[in-house]
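This report describes a single protein chain, beginning with one residue and its surroundings and then widening to the whole fold.

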Amino acid sequence: MMALLGTVLATIISVPLAFLAAANTTPHPLVHRGARMLITMCRAVPDLVFAVLFVRALGIGVLPGILALGLHSVGMMAKLFADAIEQSEAGPREAVRATGAGRMGELIMGVLPQVIPAWLGTFIYRIDINLRTSVVLGFVGAGGIGFALQDSLRGLMYESAMGIVLIILVAIAAMEVASIGLRRTLLNPSSSGPTPGIPDVSSALLPPWSGDRRTRAIAGFLLLGAVIYSLIHLRINPLVPITSFGELAGVFGRLFPPSITGAEELLLPAVVETLAIGLVATVIGALLAIPVGILAASNISPARPVFAAARMLILVVRAIPELILAVVFVAAIGLGPMAGAMALAVGTIGFLGKLVADSIEEIPVGPLEAVRAVGGSWWDQLCNAVIPQALPQLIGHWMYMLDVNIRTSTVLGVVGAGGIGFLLMESIRTLNFNLAGTIILLIFAIVFMIERISAWIRKHVA
């Protein structure tokens, strides 16, 4: 329920923000830059940090978790929504404008029908991500099953903790399967499917009461019913963030002005440690993830059982949040950056392995069939047809994974897995909010810098 409500909240915020951030619909270049900066800020500040601050302002419970998931999700959803708007065709919009419609009608009738399919895919994918994230928010008192897991670990009840981890694994794996089915049903329900290179606007052109239209209408009503039921079941008053604005402003306002008093000698080593954790984890994880991803690609996997086993491994690893992996490694090898690096390396197997497998499955089949036709072995097919075609995508995926791992490493300190996250959590626990503000700004600067470098490298190398 937290994952659902957080994603719905993010969607409500992201839709108008995306129109302001898209270059072809923004009212002014300054508005465009401001909206893009706000989106980047939401993406850069970890959801766990948002959760800690909301718990301080609103108390322990699920509402801080929902607000944290919602705000952090805006960073991804608004960006992808805006990108979809910028890629929309200008023709329908010009046609609506020619009828004398105002700006709002132009956006609703000319742009919205084109981008809804892409927005639906982003919404479903984000629920999947938020389900994983909601598990760990309980570590800071923001509700969910993570709260029970934290209690078990603190009480050294490892059998109970393992049972909770297995429940989490089953729930997230079920969501993974459900999200695949939802994407197929809602985005490509017709057998013909969209034509490559042409925007899919079928959702706007379908005749009334067609099978596809009915399917999407039913899904919409089910979503609305689930949202209403979740609000009632969790006893959430949507007006609380408004009525508690004073408390929220008080907590967030205490982050400024930033200060480094008491941590002058600790900040730089913590930043270096965070960067090192992300880099080491990405290198080690890639060495393991690329072979797994190759075996999980249906067009190159040597045997069906090998393909099924590789896909299952990816699914299982992706279902375990990195913070839980960090807890396991901290318990096994002790506190420190090594536990964080190993946790992220294992998590990389699931995430990067899936990206590698999907990229290989999307390569043109011609070169692969040519190597097979001349009697090439499996290694010949891999080295001469698969890797040369997939290499640019693999480089891009590696850089993206480095970006993700450095972001994630900033919060692993909550369980003692090293990095600047440890200083952040300690500063909040000791009510040193000025230092916490400094650390949040540092995290934002690190993420923004890595994001810009990654984008430049992907553009010029991949």
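Leu131 touches Ala3, Ala171, Ile172 and Met175, where residues up to four places away in sequence are not counted and contact means heavy atoms within 4.5 Å. Leu131 is placed in helix H6; helices (H or I, at least four residues) and strands (E, at least two) are DSSP runs, numbered from the N terminus. At 22% relative accessibility, Leu131 counts as partly exposed, a class that lies between buried (under 20% relative accessible area) and exposed (over 50%), with a 1.4 Å probe and protein chains only. Its C-alpha atom is 9.6 Å from that of Ala319, and the two residues are 188 apart in sequence.

The model is predicted: local features need pLDDT of at least 70 and side-chain atom pairs count only at pLDDT 80 or more, whereas totals for chains, interfaces and linings use all residues. Residues are numbered from 1 along each chain as its sequence is written, and side-chain values use heavy atoms, with hydrogens and water left out.

**Helices H6 and H8**

Helix H6 spans residues 103-137 and also holds Val135. Val135 is buried, with a relative accessible area of 5%. Beyond its neighbours within four places in sequence, Val135 is in contact with Ile145, Gly146, Ile168, Ile172, Pro321 and Ile324. Ile172 is also among the residues that Leu131 touches. Val135 and Met2 are 133 residues apart along the chain, and their C-alpha atoms are separated by 9.6 Å.

Glu176 belongs to helix H8, residues 158-187. Is this acidic side chain's residue, Glu176, buried or exposed? Glu176 counts as buried, because its relative accessibility is 8%. With neighbours within four places in sequence left aside, the contacts of Glu176 are Asp128, Arg132, Leu315, Arg318 and Lys354. One of these partners, Arg318, lies 142 residues from Glu176 along the chain, with a C-alpha separation of 9.3 Å.

**Asn299 and helix H18**

Asn299 is located in the loop between helix H13 (267-295) and helix H14 (304-318). This loop residue, Asn299, counts as buried at 17% relative accessibility. A polar atom of the Asn299 side chain lies 2.9 Å from the backbone oxygen of Ile360. Ile360 appears again in the list of contacts of Asn299, together with Glu361, Ile363, Leu368 and Arg372, once neighbours within four places in sequence are set aside.

Gln381 lies in helix H18, residues 378-409, and is buried with a relative accessible area of 11%. The Gln381 side chain reaches the backbone oxygen of Gly376 at 3.4 Å. Apart from residues up to four places away in sequence, Gln381 touches Ile300, Leu368, Val371, Arg372, Gly376 and Val386. Leu368 and Arg372 are thus contacts of both Asn299 and Gln381.

Helix H18 also contains Met399, which counts as buried at 7% relative accessibility. Met399 and Pro46 are 353 residues apart in sequence and 19 Å apart in space, C-alpha to C-alpha.

The C-alpha separations quoted above are collected here.

| Pair | Separation in sequence | C-alpha distance |
|---|---|---|
| Leu131 and Ala319 | 188 residues | 9.6 Å |
| Val135 and Met2 | 133 residues | 9.6 Å |
| Glu176 and Arg318 | 142 residues | 9.3 Å |
| Met399 and Pro46 | 353 residues | 19 Å |

**An exposed loop residue**

Arg235 is found in the loop between helix H10 (211-233) and helix H11 (240-243). With 79% relative accessibility, Arg235 counts as exposed. Its phi is near 55 degrees, a positive value in a residue other than glycine. Most residues other than glycine have a negative phi.

**The chain as a whole**

The secondary structure of the protein chain comes to 20 helices and zero strands. Along its principal axes the C-alpha trace spans about 65 × 60 × 40 Å. The radius of gyration is 23 Å, which agrees with the value near 23 Å for a compact globule of 462 residues; this radius is taken over C-alpha atoms, and the globule rule is 2.2 Å times the number of residues to the power 0.38.

Of the 462 residues, 47% count as buried. Among contacts between residues at least 6 apart in sequence, 75% join residues at least 24 apart. The chain exposes about 21800 Å², of which carbon and sulfur atoms supply 71%; the areas come from the Shrake-Rupley method with a 1.4 Å probe.

Methods:
A polar contact is a pair of N or O atoms within 3.5 Å; within protein, one must be able to donate a hydrogen and the other to accept it, and residues adjacent in sequence count only if both atoms are side-chain atoms.
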